[in-house]
Amino acid sequence: MKLGIPQALSYYWYYPMWKAFLENLGFEIITSGPTNRKLVNEGCKAAVDETCLPVKTFIGHSLQLLEKADALFIPSLKSCEEKRYFCPKIIALPETTACNVKIPIYSFVINNYSSLKNSEMSYKEFAKRFGISNSRASAAFCKALKFQSIYEHFLREGYTPSQALKLLKLEEEHDFLDDKNKKLHYKIAVLGSPYLVYDSFLNLNIKKKLELLDAEMITADILTEKDISTHTSFLGKDLFWTYPRRLIAGASYFIKHNIDGIILLSSFGCGSDAIMEPFITGLCENHVPYMVLTIDEHTGEAGFITRLEAFLEMIKHKKRSYNYESCISLHG
Ligand code: SF4
């Protein structure tokens, strides 16, 4: 049986785990491929207007798999670590997709909120539905965990998901591995959810655009759990959103690690971005050049390039001023 995995949202976290697990159970896995204009338009037409661009894009990816797959694999990603949750739109993804895409959806709930052990149980329960024994499901789960932990290791090393998948020999590669070794003059932290930061169509290929401006893109995925805990301790309260917590930690971490500028990539209409943005703005103010880029289906390339160019020009000017003219900060 061919199971389709839409190449959007949770794909960027768990594709290695899911592909390894399902292949070891005997499924054939196909993906919808990289995002493109046609697919986004179809997703926007099918989904309700109020939802965010990443969810509309996910629907578009699911529609691409209608003809190619026998069913879609879309788990409900509730919690992947203790005491923390994903956004409600990610939790409700199987139901939202089922309303818009008429194809069987295989799903189960991943909920590690109270214990990390819950994960294995839910994967085994899923396998049981297809008559697969506990021992075979356990073996598939262990293999999948190994793939996932190597994948996360590559992300911490600074590889993009497509590069990490190529290194894991799980996928064709779309970027060039050599890119990682390019020596560029400026370092810019791009903070945002992985499905925005790594989807080069949705983010208008921000990585390449920064490289053309002599700047390297770094993401919060290089942080370890210890870094994240250390750099969110100033909040005095543990944040229960998985990704906003990582991004706030990212801002705090990069400010202390010689970054030239921070860009927050935000999705229009995103509730968790609205909560996170004031924290990151507060951290960056008076410390590092900072800009918020809000993306939706109408974002135009020309304005995007102008804002990036102006941002880099301001950083270069600030550096020149600091080195040769005065020590007065130009970034406000
Ligand atoms: S976190 Fe924001 S952008 Fe992501 S799915 Fe939820 S609402 Fe959409």
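**Entry 1: the strand β7 and its partners**

I began at V190, which stands opposite I263 in β9. I noted at once that I am reading a predicted model, and I keep that in mind for every entry below. From V190 I went to the strand pairing: β7 and β9, the latter made of residues 261-267, run parallel and are joined by four bridges. I then asked which strand pairs with β7 over four bridges in the parallel sense, besides the pairing with β9 that I had just noted. I found strand β8, residues 215-218, pairing with β7 over four bridges. For a single pair of residues here I looked up K187, and its bridge partner in β8 is E216.

Is β7 largely enclosed or largely open? Five of the six residues of β7, which spans 186-191, are buried, so I record the strand as largely enclosed by the rest of the structure.

**Entry 2: T219, after the end of β8**

Following the chain on from β8, I stopped at T219, which lies in the loop between β8 and α11, the helix of residues 225-230. T219 has a relative accessible area of 9% and is therefore buried, as this value falls under the 20% cut-off. I asked which residues T219 touches once its neighbours within four places in sequence are left aside. The contacts of T219 are V190, V197, Y198 and F254, and V190 brings me back to the residue that stands opposite I263 in β9.

**Entry 3: the open sheet**

I turned next to the sheet that includes β1. This is an open sheet of four strands, paired in parallel, and I read its order as β2-β1-β3-β5. Its edge strands are β2, residues 28-31, and β5, residues 105-106, each of which pairs on one side only. Between β1, residues 2-5, and β2 I found four bridges, with the two strands running parallel. Within that pairing I looked up I5, and its bridge partner in β2 is T31. As a reminder to myself, strands of a sheet pair through backbone hydrogen bonds, in either a parallel or an antiparallel sense.

**Entry 4: two residues with positive phi**

I looked up L9 because its phi is near 45 degrees, a positive value in a residue that is not glycine. L9 is placed in the loop between β1 and α1, the latter covering residues 11-25. With a relative accessible area of 1%, L9 is buried.

I then went to N205, likewise not a glycine, whose phi is positive at about 55 degrees. N205 sits in the loop between α9, residues 194-197, and α10, residues 206-212. Is N205 buried, exposed or partly exposed? Its relative accessible area is 29%, and I enter N205 as partly exposed.

**Entry 5: helix α2**

In helix α2, residues 37-46, I looked up E42 and K45. E42 has a relative accessible area of 27% and is partly exposed, whereas K45, at 73% relative accessibility, counts as exposed. Leaving aside neighbours within four places in sequence, I found E42 in contact with L63 and Q64. I also took two separations between C-alpha atoms: E42 and T97, which are 55 residues apart along the chain, are separated by 13 Å, and K45 and G60, which are 15 residues apart along the chain, are separated by 8.9 Å.

**Entry 6: the whole chain**

I closed with the chain as a whole, in which I count 14 helices and ten strands. Its radius of gyration is 20 Å, close to the 20 Å that the globule rule gives for 332 residues, so I note the chain as being as compact as a globular protein of that length. Along the principal axes, the C-alpha atoms fill a box of roughly 75 × 40 × 40 Å. Buried residues make up 52% of the 332 residues. Taking contacts between residues at least 6 apart in sequence, I found that 70% join residues at least 24 apart.

How much of the exposed area do carbon and sulfur atoms supply? The chain exposes about 15,700 Å², and carbon and sulfur atoms supply 54% of it. Last, I looked up the charges: there are 39 positive and 38 negative side chains, and the centres of the two sets lie 4 Å apart.

Methods
Residues numbered from 1 in each chain as written. Predicted model: local features only at pLDDT ≥ 70, side-chain atom pairs only at ≥ 80, totals over all residues. Heavy atoms only, no water. Rg over C-alpha atoms; globule rule 2.2 N^0.38 Å. Buried < 20%, exposed > 50% of the residue type's maximum accessible area, 1.4 Å probe, protein only. Contact = heavy atoms within 4.5 Å. Areas by Shrake-Rupley, 256 points an atom, 1.4 Å probe, with all protein chains shown as cover. Lys, Arg positive; Asp, Glu negative; His and termini not counted. Charge placed at Lys NZ, Arg CZ, Asp CG, Glu CD. Pairing = 2+ DSSP bridges.
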